[in-house]
Amino acid sequence: MDNLSHEQKLRITIYSEVRKICLEAANKTNQNLDKEALDLIAELVWKKLRTLSQDLEHFAKHSKRTTVTAEDVKLSLRRLPTL
């Protein structure tokens, strides 16, 4: 695993954690999830997090900052009115 990039390590970790969370939720509700469903959910989470991180980076750069702020996060959630 030492020869993997930071992004590859992060992706593996996120996939693993998403699968664990899904399996825990499925067990609590007496449901079953097959491997393909777990992989698809993990991929959706990965893609959403990549998009979110890119948006946050752009918002900070647009404001001529190198640090992402809470305001950047709020702006990124503008399409979710319930939040």
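**The largest pocket**

Begin with the largest pocket of this predicted model, which holds about 200 Å³ of space. To display its lining, select Lys48, Thr51, Leu52, Asp55, Ser76, Leu77, Arg78, Arg79 and Leu80. Colouring these residues by class gives three nonpolar, two polar and four charged residues. Helix H2 is the greatest contributor to this lining, supplying four residues.

**Along helix H2**

Next, select residues 35-62, the 28 residues of helix H2. How far apart should the ends of this helix lie, at 1.5 Å a residue? The expected span is 40 Å, and the end C-alpha atoms are indeed 40 Å apart, so the two values agree.

With H2 still selected, show the side chains of Leu38, Ala42, Glu43, Trp46, Leu56, Phe59 and Ala60, which are buried. What covers them? The cover includes helix H1 (6-28) and helix H3 (70-76); both may be added to the view.

Then move just past the end of H2 to Lys64, where the backbone adopts a positive phi of about 60 degrees.

**The nonpolar core**

Return to H2 and select Leu38, Ala42 and Trp46 together with Ile14, Tyr15, Val18 and Cys22; these seven residues form the largest nonpolar core. The elements that each provide two or more of its residues are H1 and H2, and H1 provides the most, with four. As a general background to this view, nonpolar side chains in soluble globular proteins tend to be buried together.

Within this core, centre the view on Trp46. Which residues does Trp46 contact, once neighbours within four places in sequence are set aside? The contacts are Glu7, Leu10, Arg11, Ile14 and Tyr15. Ile14 and Tyr15 thus appear again, being members of the core as well.

**Ala26 in helix H1**

For the last stop, select Ala26, which is found in helix H1. Is Ala26 buried or exposed? Its relative accessibility is 6%, below the 20% limit for a buried residue, and Ala26 therefore counts as buried.

Display the surroundings of Ala26 next: when residues up to four places away in sequence are not counted, Ala26 touches Gln31 and Leu33. Finally, draw a distance between the C-alpha atoms of Ala26 and Leu44; the two residues are 18 residues apart along the chain, and these atoms are separated by 18 Å.

Conventions
Residues numbered from 1 in each chain as written. Predicted model: local features only at pLDDT ≥ 70, side-chain atom pairs only at ≥ 80, totals over all residues. Heavy atoms only, no water. Expected span 1.5 Å × (residues − 1). Buried < 20%, exposed > 50% of the residue type's maximum accessible area, 1.4 Å probe, protein only. Contact = heavy atoms within 4.5 Å. 1 Å grid on protein atoms, 1.4 Å probe; cavity = no way out; pocket = protein on both sides within 12 Å on 5 of 7 lines; lining within 4 Å. Points joined across faces, edges and corners; volume = space filled by probe spheres on them. Nonpolar A, V, L, I, M, F, W, Y, C, P; charged D, E, K, R; others polar. Core = buried A, V, L, I, M, F, W, Y, C linked by side-chain atoms within 4.5 Å.
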